[in-house]
Amino acid sequence: MIDPKAFYTLSYGLYVVTSGDKNNGNGFVANSVFQVTSDPPRIAVSCNKKNHTYTLIEKHQVFALSVLSVDASRDIISDFGYKSGKDTNKLQGKAVIYGETGVPVFTTDCLSYMECKVVQRFDVGTHVIFIGELMHSQMLDDSKKALTYDYYREVYKAAAPENAPTYVEMPSAETSVKAATDYRSYKCTICGYTYEESDGDPTQGIEAGTLFSDLPHDWVCPICRTVKDDFKLI
Ligand code: FE
């Protein structure tokens, strides 16, 4: 028997992983990143083969890893986590520098970044795990804490996007128990965020107790910025 909720007890950070060059760069939000060894310093990143960044890592054999801070703008998660680099240039208009290897590095709301050269790859089916050797690393802001996946789930109330290795399809009935009130919950079908009528959406000035049907027409998902029509009652 597999209880999908057990997966949610695993801990992760949240990072923007970028690759490419000055002409064609892209990035995605990753949580499945970890340091493999310290000597030599190596980092593993799991990347979905459908991601545009995956194609760029295969081509350039380099990637950069930017560690998001706990107060990172939701737009970063929205732009890098729920949009495809095949449709849009995610780095356009962003604070990007180019590292020693020529790889684009995302720097907004980040504690640090690391530039890696791919030394090994493991094809694990839907994803490829790239092992990168650290070429260069730099602190950007040591006054903040890192954003964790747990914080993202608890505070942002979102789930992993479908391309993430940690994506779990949860039975919808288990996610909402509202016996004591008539408030209902609506789940974003794009990113998994749940709008709780009892909580409202303080990030967009929506007071607790606001019914989903009373949300303004221009209200969007606070995580992936999709429209109300993409939510379903759970
Ligand atoms: Fe969403």
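This section describes the iron site, the second largest pocket, two helices and several backbone features of a predicted model.

The iron ion is held by protein donors from four cysteines, namely the SG atoms of Cys-188, Cys-191, Cys-221 and Cys-224, which lie 2.3 Å from the metal. Along the chain these donors follow the spacing C-x2-C-x29-C-x2-C. The arrangement is tetrahedral, because the 4 donor atoms subtend angles of 102 to 116° around the iron ion and four donors are assigned to that class if all angles lie between 85 and 135 degrees.

Two of the donor residues were examined for solvent accessibility. Cys-188 has a relative accessible area of 2% and is therefore buried, the threshold for that class being under 20%. Cys-191 likewise counts as buried, at 2% relative accessibility. Cys-191 is located in the loop that connects strand E10 (185–188) to E11. When residues up to four places away in sequence are set aside, the contacts of Cys-191 comprise Tyr-82, Ala-158, Ala-159, Ala-160, Cys-221, Ile-223 and Cys-224. Cys-221 and Cys-224 from this set are also donors of the iron ion. Between Cys-191 and Ser-46, which are 145 residues apart along the chain, the C-alpha separation is 19 Å.

Strand E11 (residues 194–196) contains Thr-194. With a relative accessible area of 13%, Thr-194 is buried. Its contacts, again without residues up to four places away in sequence, are Lys-157, Ser-185, Tyr-186, Lys-187 and Ile-234. The loop between E11 and strand E12 (231–233) holds Arg-225. Arg-225 shows a positive phi of about 70° although it is not a glycine. A relative accessible area of 32% makes Arg-225 partly exposed.

The second largest pocket has a volume of about 530 Å³. Its lining consists of 36 residues, of which Asn-51, Gly-81, Tyr-82, Pro-161 and Asn-163 are the closest to the centre of the pocket. Two or more lining residues are contributed by each of strand E2 (25–30), strand E4 (41–48), helix H1 (52–60), helix H2 (74–81) and helix H3 (149–155). The greatest contribution comes from E2, with 5 residues. By residue class, the lining comprises 15 nonpolar, 16 polar and 5 charged residues. Tyr-82, among the residues closest to the pocket centre, is also a contact of the iron donor Cys-191.

Helix H2 is mostly covered, with 7 of its 8 residues buried. These buried residues are Arg-74, Ile-76, Ile-77, Ser-78, Asp-79, Phe-80 and Gly-81. They pack against strand E1 (15–20), E2, strand E5 (62–68), strand E7 (104–106) and H3. Gly-81 thus appears both among the buried residues of H2 and among the residues closest to the centre of the second largest pocket. The loop between H2 and strand E6 (96–98) contains Asn-89. Asn-89 is partly exposed, as its relative accessible area is 42%. The C-alpha atoms of Asn-89 and Ser-69 are 23 Å apart in space, and the two residues are 20 apart in sequence.

In helix H1, the buried residues are His-52, Thr-53, Tyr-54, Leu-56 and Ile-57. An α-helix has 3.6 residues a turn, so residues three or four places apart point the same way. The cover over the buried residues of H1 includes E1, E2, E4, E5, strand E8 (110–123) and strand E9 (127–139). Just after H1, Gln-61 adopts a positive phi of about 60°, although Gln-61 is not a glycine. The position of Gln-61 is in the loop between H1 and E5. With a relative accessible area of 30%, Gln-61 is partly exposed.

A further backbone feature occurs in the loop between strand E3 (33–38) and E4, where Pro-40 is found. The peptide bond joining Asp-39 and Pro-40 is cis, with omega about 5°.

Note on methods
Residues numbered from 1 in each chain as written. Predicted model: local features only at pLDDT ≥ 70, side-chain atom pairs only at ≥ 80, totals over all residues. Heavy atoms only, no water. Donors = N, O, S within 2.8 Å, 3.2 Å for Na, K, Ca; no water. Tetrahedral: all angles 85-135°; square planar, octahedral: opposite > 155°, others 65-115°. Buried < 20%, exposed > 50% of the residue type's maximum accessible area, 1.4 Å probe, protein only. Helix = DSSP H or I, 4+ residues; strand = E, 2+ residues; numbered from the N terminus. Contact = heavy atoms within 4.5 Å. 1 Å grid on protein atoms, 1.4 Å probe; cavity = no way out; pocket = protein on both sides within 12 Å on 5 of 7 lines; lining within 4 Å. Points joined across faces, edges and corners; volume = space filled by probe spheres on them. Nonpolar A, V, L, I, M, F, W, Y, C, P; charged D, E, K, R; others polar.
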